Amino acid sequence: GRTLLREGELGREFMAIVEGEADVKRGDETIAHYGPGDFFGEIALLSDRTRTASVVATTDMSLEVIEGRDFRGMILDN
């Protein structure tokens with residue numbers, strides 16, 4: 001039930017799911033369900049906008065987290 005990213009907040013990191021599952025919510029509506037291999041957080045980082053949705057864990061999770069500056073560096077390098 002932990003909120004990993006909150007709709008409307010500034011984007012500061014990119015996350016990829018290693019294990020576990022999460023729901024993507026816009027307002028009270030669930031718009032997607034993510035699992036291992038899925039990722040999120042890139043839209044706010046690439047567009048320098050606030051988060052377009054919230055991501056809420058539905059199980060225990062293991063995540064890879066990349067801070068915004070490192071994420072942008074990876075994009076520029078590739």
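A salt bridge is defined here as a side-chain nitrogen of Lys or Arg within 4 Å of a carboxyl oxygen of Asp or Glu. The structure examined is a predicted model. Under this criterion, a search of the whole structure returns two salt bridges. One of them joins the side chains of E13 and R51, with an N to O distance of 3.1 Å. E13 belongs to strand β2 (residues 13–19), whereas R51 sits in the loop between α1 (42–47) and β6 (54–57), so the pair ties together parts that are 38 residues apart in sequence. Both E13 and R51 are buried.

The side chains of R6 and E9 also meet in a salt bridge, at 3.6 Å from N to O. R6 has a relative accessible area of 42% and is partly exposed. E9 is likewise partly exposed, because its relative accessibility of 40% falls between the limits of 20% for buried and 50% for exposed residues. In general, side chains of opposite charge can pair when their charged atoms come close.

The model contains an open sheet of four strands, arranged in the order β1-β6-β3-β4 with antiparallel pairing. Its edges are formed by β1 (3–5) and β4 (29–34), each of which pairs on one side only. On average, and with direction ignored, neighbouring strands of the sheet are turned by 30° against each other.

The pairings can be followed across the sheet from β1. Strands β1 and β6 run antiparallel and are joined by two bridges, with L5 opposite V55 of β6. Between β3 and β6, also antiparallel, there are four bridges; K25 has S54 of β6 as its bridge partner. Strand β3 (residues 22–26) pairs with β4 in the antiparallel sense over five bridges, and in this pairing V24 stands opposite A32 of β4.

Within β6, side-chain direction was examined residue by residue. S54 and V56 point one way from the strand, while V55 and A57 point the other way, and all are buried. In a regular strand the side chains alternate between the two faces of the sheet.

S54 lies in strand β6. Its relative accessible area is 12%, which is under 20%, and S54 therefore counts as buried. A polar atom of the S54 side chain lies 2.8 Å from the backbone nitrogen of E7. With neighbours within four places in sequence left aside, S54 is in contact with L5, R6, E7, D23, V24 and K25. R6, one of these contacts, is the residue whose side chain meets that of E9 in a salt bridge. K25, another residue in contact with S54, is also the bridge partner of S54.

A further buried position is I17, in strand β2. I17 has a relative accessibility of 4% and therefore counts as buried. Outside the range of four places in sequence, the contacts of I17 are with Y34, G35, P36, G37, D38, F40, M61, S62 and L63. Of these contacts, Y34 falls within edge strand β4 (29–34). I17 and L45 are separated by 28 residues in sequence, and their C-alpha atoms are 17 Å apart in space.

Definitions and conventions
Residues numbered from 1 in each chain as written. Predicted model: local features only at pLDDT ≥ 70, side-chain atom pairs only at ≥ 80, totals over all residues. Heavy atoms only, no water. Pairing = 2+ DSSP bridges. Axes fitted to C-alpha atoms, helices over the stretch in contact; angles between N-to-C directions. Buried < 20%, exposed > 50% of the residue type's maximum accessible area, 1.4 Å probe, protein only. Polar contact = N/O pair within 3.5 Å; in protein donor to acceptor, adjacent residues only side chain to side chain. Contact = heavy atoms within 4.5 Å.
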